[in-house]
Structures are given as structure tokens and as C-alpha cells.
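Let's take a walk through this model, beginning with the DNA and working inward.

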Number of protein chains: 2
Amino acid sequence: MEVQRNSFRYLFADTVKALFKQSARELANAGIQILPEQHFLLHLIASKEETIQSDLAEMIHKDKSAVMRHIDQLESMGYLIRVNDTTDRRKKHLVITEAGKDIMKQCQEVIDVVTERNLVGITEEELEVFTKVLIKLKQNSEK
Amino acid sequence: MEVQRNSFRYLFADTVKALFKQSARELANAGIQILPEQHFLLHLIASKEETIQSDLAEMIHKDKSAVMRHIDQLESMGYLIRVNDTTDRRKKHLVITEAGKDIMKQCQEVIDVVTERNLVGITEEELEVFTKVLIKLKQNSEK
DNA sequence: TTTGAATCGTTGATTTTGTCAACTATTTTT
DNA sequence: AAAAATAGTTGACAAAATCAACGATTCAAA
């Protein structure tokens, strides 16, 4: 196999695209009107104590205005609210609503199924090496 | 480590993006006016006996019109030509020119450097597992 | 053998997604 | 007190992809 080094990055990109397309489709099929990216944002917000928009922008390596629009959508769908910081009035904290928690649960169920299907034929050890490489790749790309 | 299953797809997407951005930047720095994606297309065309546009579209999972535009650009830059099939007049074969071979070599040199930098700290075996998992993931997502 | 379906390339309109630049309001630094 | 930095917002723009439609051609079926 001579995929390595030469063109693994393309296989890589193509696979990501296929995975995202698939989960976007499955989410839509389940009647969930949310993009995988937005689900991820909810996930990030939920997994931290406090989150403001500029943190998110840095985390996902996108312009703050891009994040802004996602948050706008999520807010208009009622999945989160912006809460003004009491001490620093520039900041707005992102807080997930009950509806937000609900949709996250729904998303998770769909995505779990998709993920399991995607991982068929891949052993636990292989997955472990895979994520390890992934993390290294990302670290290296940030230098 | 609890990256697994839940959010590995996002780490995944983010990493790909970073890698592509980086190689696009390096190519531009080297004065090469070609996108990583276009380099990949040249690579695909070169690695097969005969290639037509709709094959490429299927291979990279994009609409044929998207491929069309890339090919237009590559042709206008003189890196390939469209040659009419003699028996099936709907088809046009994509043939890489000398200039195309030349630019591919230049790209490869740049990308090799970037790739080596990206792969620091990753062993040959790990990379092998990584690509193996990628291939499986891709196959699974296409079902 | 003629009719209808499918394929290939092409184009234009549209959508999605992101960047960039500018601005206001606020806070921090000097 | 002035200058610089930060957070959020908005609008203009750019890149890249999708979708829908079309003409030309080939293939399949009746």
C-alpha cells in the first residue's frame, strides 16, 4: 500500500467529508435541524464552566464572526442564551437551555449510532492508535 | 483520555483543516499557484491510465461541476489538456502536460517537507494503522 | 429500429461557509 | 488621562460547493 506520506492527507480529508455528510444526513433524517458543527459548539459550551464567543472562535480556529452566526442560529432556535457578564460588560456567557440539553441528547443518540456503524471492523487498539496519531497531527500542525 | 467516540470527529475535522491550510500556505510561499486539492486531482489523474471528469467527481465526492471548475483552472494554467475520446464523443480524457508533470514535482517537494513536519513523533507503524483506519472509516461511511 | 433512459460535460443560479475590515462599547495598560 | 487591547456585532466580500437545467451523445428496451 502506497497511500502513506504521499497522499494520506487527501484520504484524510475525503474521509472527514464523508463522515460529516453522513451524520448531517442522519440528523436531518431524524428531523433534527442542527448542523454537526453546531452540535459540536453545544458540546464545547457544555463541557466548560464558562464560555464566551471568542473562546469558541479560538477553539475551532474560525473567525469570531463565523462563530457569531452559529450562535445566533442556536439562540434563535432556543438552544442557548447569551447572558451578560456582571463584572465585564463586554462579555456574554453562553448558557445552554433545557431545549438545548434536549437537542444535544437527541443528537448524541443519532451520532452514537452513526459512529458505531462507522467503527465497524476497527478494533479498540486501532482506534486508540488512530486518536493518538490524530492528536499528534494536530499538535504538529499548530507549531 | 475521553476524546473517543464522542468528539473524535471534530478533532478529526479540525486537524484536516489545519493541515490543508498549512500546505496551501507553504505552496503559496513557494510561489506555486495551485491548491492542495488541485494537486490531488493531478495526482489522481496521473495515477490512472485514463481519467475522465465524472470519475474524478466520484472519487473526491464532489459535484461534477465543482470538478469541472478545478479542471478549467488547471487547463488554463497549462497543466493538463482535455482530449476527446475517439469512440465515445461525450467523454474527454484528462492528460497531464509536461508543465503539469513539472508542477507536480514542485508541489511534491513542498508537500513532502510539510508532511515530514506533520508526522514528527509518529512512527511508521502508527501511520500504517492510521491509514488503515481511515480507509475503513471511509468504506463504512459509504455504505 | 425507433423511443426513452442514462451519461458526460457544461453553465448559471444559489447556498453555504468563511474571511476581512470597520465600528461601538468596554476594559486594561501605560 | 490617553492609548491599546478585548468582546461582540455587522456588512461587504470571497471561496467553494450544490442544484437544476441543458445539449450532445450513447445505451437499452420495446
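**Starting at the DNA**

A polar backbone atom of Thr87(B) sits 3.2 Å from a phosphate oxygen of DNA strand D, which makes a polar contact (a pair of N or O atoms within 3.5 Å; within protein, one must be able to donate a hydrogen and the other to accept it, and residues adjacent in sequence count only if both atoms are side-chain atoms). Before going on, keep in mind that this is a predicted model: local features need pLDDT of at least 70, side-chain atom pairs count only at pLDDT 80 or more, and totals for chains, interfaces and linings use all residues. Residues are numbered from 1 along each chain as its sequence is written, chains are lettered from A and ligands numbered from 1 in the order in which they are written, and side-chain values use heavy atoms, with hydrogens and water left out.

Back at strand D, a polar backbone atom of Arg89(B) is 2.8 Å from a phosphate oxygen, and chain A joins in through a backbone N or O atom of Ser54(A), 2.9 Å from a phosphate oxygen of the strand. In total, 25 residues surround DNA strand D, with Met68(A), Lys62(B), Asp63(B), Ser65(B) and Arg89(B) the closest; a residue is near a strand or molecule if one of its heavy atoms lies within 4 Å of it. Of the strand D atoms within 4 Å of the protein, 62% belong to sugar or phosphate and the rest to bases.

Now look at strand C. Here a backbone N or O atom of Asp63(A) lies 2.7 Å from a phosphate oxygen, and a polar backbone atom of Ser54(B) is 2.9 Å from a phosphate oxygen. A base gets attention too: a polar side-chain atom of Arg90(B) lies 2.9 Å from a base oxygen of DNA strand C. Helix 4 (64-76) of chain A, along with helix 1 (8-29), helix 3 (53-60) and helix 4 (64-76) of chain B, are the elements that give two or more residues to the surface near this strand; helices here are DSSP runs of H or I, at least four residues, and strands are runs of E, at least two, numbered from the N terminus.

How do the two protein chains relate? A turn of 178° and a shift of 0.0 Å along the axis lay chain B on chain A with an RMSD of 0.4 Å, superposing by least squares on C-alpha atoms of residues with pLDDT of at least 70 in both. That's the relation of a two-fold axis. Phe130(B) is the residue of chain B that comes closest to the rotation axis, its C-alpha at 2.7 Å. The copies meet through the same surface, because 100% of the interface residues of chain B are also interface residues in chain A.

Phe130(B) turns up again inside the protein. Along with Phe12(A), Ile34(A), Phe130(A), Phe12(B) and Ile34(B), Phe130(B) touches the most other members of the 76-residue largest nonpolar core, a set of buried Ala, Val, Leu, Ile, Met, Phe, Trp, Tyr and Cys residues joined through side-chain atoms within 4.5 Å. Not counting residues up to four places away in sequence, Phe12(B) touches residues of both chains, including Phe12(A), Phe130(A) and Leu134(B); contact means heavy atoms within 4.5 Å.

Finally, is Gln22(A) buried or exposed? Gln22(A), in helix 1 of chain A, has 1% relative accessibility and so counts as buried (under 20% relative accessible area, with exposed over 50% and partly exposed in between; 1.4 Å probe, protein chains only).
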